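Reader: I am in my first year and would like to look closely at a single part of this model, with the terms explained as they come up. Please take it slowly and tie the part to what surrounds it.

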Protein chains: 2
Amino acid sequence: LIPVKVVILAGGQGTRFWPKSRMKAPKQFLSISPDGESLIQATARRVKPLADNQDLWIVTNCMHTEKVAEHVPYARIISEPVGRNTTASIGLAAMFMRVQSPNDVMVILPADHAVKQEEILLKALNQAVKVASEKDVLVTIGVTPAYPHTGYGYIKRGEKLNGGPAFSVSRFFEKPNFERAQEYCKNERFYWNSGMFVWRPEVILTAIKNNLPRLYEGLEKIAKFIGTSDEARALNEIFPELESISIDFGVLEHARNCAVVPAEPFGWNDVGSWDAWAEHFASDAEGNLSRGDVMTIDSQGCIVYGHDRLIAVLGAQDLVVIDSGDAMLVCPRNRVQDVKNIVEELKRRGRTEMV
Amino acid sequence: LIPVKVVILAGGQGTRFWPKSRMKAPKQFLSISPDGESLIQATARRVKPLADNQDLWIVTNCMHTEKVAEHVPYARIISEPVGRNTTASIGLAAMFMRVQSPNDVMVILPADHAVKQEEILLKALNQAVKVASEKDVLVTIGVTPAYPHTGYGYIKRGEKLNGGPAFSVSRFFEKPNFERAQEYCKNERFYWNSGMFVWRPEVILTAIKNNLPRLYEGLEKIAKFIGTSDEARALNEIFPELESISIDFGVLEHARNCAVVPAEPFGWNDVGSWDAWAEHFASDAEGNLSRGDVMTIDSQGCIVYGHDRLIAVLGAQDLVVIDSGDAMLVCPRNRVQDVKNIVEELKRRGRTEMV
């Protein structure tokens, strides 16, 4: 058995889930399941076959350390003093691992995605673990596109690696427009970039060193203090200076040793918006999804999430209405991607209590 | 000077103003003015030039007697034990007047309408008072239609009466569809039926007697106890038995002695819906009307009424969002007439606390 450390990235803010998701209560703590299991809890549970409880690490913002510990009590938590995007988070976790278990394989998972067919995902992750243990490659999990999604990045595969399940990566593509997304979907060489990665610490740290040498230097400085009484102080002093850049944009798109392990669609969804959130619930005969004290009349395709008061929706189509108790969102379904603009505008207006 | 009694009809429920307007707090107590003056207060203030304070009567449901007294402390209040539509209310007031001041002219006004140019209205009312004092006619105030409103009834005028300002009424028309409303507007003989009436008690009581003899009998039974210690008991026992029918449908449409005094448009509005309510407030550059803690982004023509929480509206057109504290309405502007359906549905579901 190949030793694995699972690293869950739980630094997200989920601004597109305003007003339920807030700086103090981001999306990974919300639930999309009927039994109330949060997204981060589901992510942790899902990978139990891959690694023992003590090999589950969660990287999060220090603001959320307690909440993470509540949701996943057995996790080893790495607390970032500030958010510095995924390269810094993954690099930091890799440094911890290089100190403690340099030959383990890291399985990196976003905390706030949804998965319906867990076996398919586990099969792909196991394949990726094997590839990453044998080769100095950066393995991504690519999902066969189920439809032309414009909210995901895409991966174009190259040649097969040793006849294995993995392919080399020919290119990463940013979120496309709809026309391009349609083209990608017609081409069997394209996959959705799931944001799930598998590699050994040394391999990713080398890639960071090659592409972002200054960020790497900062990580090395922190690494010297890992396990010492100055660990927290070093993190607080050095981590905020790290460049804020995503692992895709900062490293993977430039690295030449990327690989992709394809997976059949496994009901994967980045739960990136209220629209995607609604896909996880059954709607009524008119296509309305209601939670709480809600009454819909002559309305179709609405997502209505009540809190402490009755919400009556009359004669509306494809409308999203979310009451969080201290704030309420009203917007058409086709604008859910722009809910983050509300958060931006609230910040601009100094309404910090609302973001 | 002709002695006048002003009778304000304040029995309405305003179900189209749900969730702000409730059985316990109907529309006449809401405000559309920046200084917080309620609709019923504005109605009472507006007619001060017509009659002294002690000659202002308000007919209301006993449930609202206290609230009416708060809003218009000097009014003489007639409390109905139950609502029985306008014929019963007007007939009851006429019986009180026949006992106490039979030769005065009654000026009957709905409590919950809005008027912008009060002088124009006062001029028309004064003309109507003169006509009603001289002739045995039932005078209605007709408003020259400003646009093809489908929410109002219409009056078609007949011949001029004695070269006076009044005309005989050729016919009353129910609320028309839009095509008909357009025809009516093109015809100078058509007026909006404002629901404001002027007549002497004897004239309207005779008309009620001729058209609704049983209702009249009931009123007469009550009248015997007016001014006695049994007045309240008689009201409680007899009034609920009266037929519930509007004065237009039950009496005016059949009476042959109806007259209409035309008035130029005086910014009159029955404030019959949230849409009409919004006309009384200035909107922002994008045509949105906001009250309370509201943020509109990429939205046009919306009416948003906050209560205790921020409401953010994103990418919406012509949407009505009203938060009353314990309930919230979301509907397109073109469906505001149907808000009463929500109240019906709530009653059907036994949600009496919400109606």
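Where in chain A does Pro19(A) lie?

Author: Pro19(A) lies in the loop between strand E1 and helix H1 (39–46) of chain A, where helices (DSSP runs of H or I, at least four residues) and strands (E, at least two) are numbered from the N terminus. This is a predicted model, in which local features need pLDDT of at least 70 and side-chain atom pairs count only at pLDDT 80 or more, while totals for chains, interfaces and linings use all residues. Residues are numbered from 1 along each chain as its sequence is written, chains are lettered from A and ligands numbered from 1 in the order in which they are written, and side-chain values use heavy atoms, with hydrogens and water left out.

What marks the loop is its backbone: the peptide bond from Trp18(A) to Pro19(A) is cis, with omega near 5°. Most peptide bonds are trans. In chain B, too, there is a cis bond from Trp18(B) to Pro19(B), with omega near 5°, and Pro19(B) sits in the loop between strand E1 (4–10) and helix H1 (39–46) of that chain.

Following the chain back from the loop leads to strand E1 (residues 4–10) of chain A, which is joined to E2(A) by five bridges, the two running parallel; strands pair if DSSP finds at least two bridges between them. In this pairing Ala10(A) stands opposite Thr60(A). Strand E2 (residues 56–61) of chain A is mostly covered, since six of its six residues are buried, a word that here means under 20% relative accessible area, with exposed meaning over 50% and partly exposed in between (1.4 Å probe, protein chains only). The cover reaches both faces of E2(A), with Leu56(A), Ile58(A) and Thr60(A) buried on one side and Trp57(A), Val59(A) and Asn61(A) buried on the other.

Chain B offers a closer view of one residue in its own E2. Trp57(B) belongs to strand E2 (residues 56–61) of chain B, and it counts as buried because its relative accessibility is 1%. Leaving aside neighbours within four places in sequence, Trp57(B) is in contact (heavy atoms within 4.5 Å) with several residues, among them Lys5(B), Val6(B), Val7(B) and Ile8(B), and also Ala93(B), Phe96(B) and Met97(B). The C-alpha atoms of Trp57(B) and Ile108(B) are separated by 9.5 Å, although the two residues are 51 residues apart along the chain.

The backbone has another feature to set beside the cis bond. Phi of Asp298(A) is near 50°, a positive value in a residue other than glycine. Most residues other than glycine have a negative phi. Asp298(A), like Pro19(A), lies in a loop, in this case between strand E11 (294–297) and strand E12 (303–305) of chain A, and it is partly exposed, with a relative accessible area of 37%.

Finally, the part can be placed in its chain. The secondary structure of chain A comes to 11 helices and 15 strands, and of its 355 residues 57% count as buried. Among contacts in chain A between residues at least 6 apart in sequence, 65% join residues at least 24 apart. The C-alpha atoms of chain A fill a box of roughly 60 × 50 × 35 Å, taken along the principal axes.
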